[in-house]
Amino acid sequence: MAVPYGDPNFPYIRKCAFDVGDYGMGFVANSLELGCDCLGHIKYFDGVVNNAQGEALVIPKAICLHEEDAGMLWKHTDTRLGHVEVRRNRRLVISQVSTFANYEYGMFWYFYLDGTIQLEMKLTGILSTSVTGLAEKDLPYGISVAPGVVASNHQHLFCVRIDPAVDDLNGGKGLVVSEVNAEQIPFGPENPHGRWRCCV
């Protein structure tokens, strides 16, 4: 993860925080609170990291697990009978919040009923600012937040690798990966209108 800043002035030209690499998500994990960080029926997990001496350091309630409604999953209306069937979608949420100096990163993993996995990163906290001339307003590399104070343009770039354990006990020997594609059959005597498609 990298946070490059767009201020062209010295010493900010060298400002590029490597929050996760420099600090570590686990080392700066927050202890979460029911009702503030997490809502509903919650299961908390403690986080365990090491201190500078290599000893175990426990962060109470560092990870939150809960289930929540995720909108409509499936619906069908039988217009002939006036009958409606609806199934709600649910998702399992695993979350953690870490503080990196002036920023908090909320990492929310969503696991859906259809097998979809989604990561949402939520960013909050306070701005990282620098000084500028009192008369200067919005600059090309930032926005004026008070007289003589500018918040520099910058990005928060995340890169996450998911490495699921999809192998079987024999190292994947029994694993089958398949792909299905819909292909149109060429026009001809058996497909005179070009509507025939098959799955291959």
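In what order do the three strands of the open sheet come? Take a look at the close-ups below, and keep in mind that this is a predicted model.

**View 1. A little open sheet has three strands in the order 8-10-9.** The pairing here is antiparallel. Strands in a sheet are held side by side through backbone hydrogen bonds, and they can pair either parallel or antiparallel. At the edges you'll find strand 8 (129–131) and strand 9 (142–146). Each of these has a single partner strand, so one side of each is left without a neighbour in the sheet. From one strand to the next, the twist averages 40 degrees.

**View 2. Strand 9 meets strand 10 (residues 149–152).** These two strands run in the antiparallel sense and pair over four bridges. Want a spot to start from? Find I143, then look opposite to A151 in strand 10.

**View 3. R91 sits in strand 5 (residues 83–100).** Is R91 buried or exposed? R91 counts as buried, because its relative accessibility is 17% and the cut-off for buried is under 20%. Two polar contacts are worth picking out in this view. The R91 side chain makes one with the side chain of E68, at 2.6 Å. Another, of 2.7 Å, joins the side chains of R91 and Y112. Leaving aside residues up to four places away in sequence, R91 also touches others, including H66, E67, A70, Y110, F111 and Q118.

**View 4. C38 and C64 are joined by a disulfide.** A disulfide is a covalent bond between the sulfur atoms of two cysteines. In this one, the S to S distance is 2.4 Å. C38 lies in the loop between helix 1 (19–22) and strand 3 (43–50), while C64 is in strand 4 (residues 56–78), so the pair ties together parts that are 26 residues apart in sequence. The count for the model comes to one disulfide. Both ends are tucked away: C38 is buried with a relative accessible area of 2%, and C64 is buried too, at 0% relative accessibility.

**View 5. C198 is a cysteine in no disulfide.** Which cysteine sulfur is nearest to C198? That of C199, and it is 7.0 Å away. A disulfide needs the two sulfur atoms within 2.5 Å, so a 7.0 Å gap doesn't make the cut. C198 counts as partly exposed, at 25% relative accessibility. For another cysteine to look at, try C159, which is exposed with a relative accessible area of 75%.

Definitions and conventions:
Residues are numbered from 1 along each chain as its sequence is written. This is a predicted model: local features need pLDDT of at least 70, side-chain atom pairs count only at pLDDT 80 or more; totals for chains, interfaces and linings use all residues. Side-chain values use heavy atoms; hydrogens and water are left out. Buried means under 20% relative accessible area, exposed over 50%, partly exposed in between (1.4 Å probe, protein chains only). A polar contact is a pair of N or O atoms within 3.5 Å; within protein, one must be able to donate a hydrogen and the other to accept it, and residues adjacent in sequence count only if both atoms are side-chain atoms. Contact means heavy atoms within 4.5 Å. Two strands pair if DSSP finds at least two bridges between them. Axes are lines fitted to C-alpha atoms, for helices over the stretch in contact, and angles run from 0 to 180 degrees between N-to-C directions.
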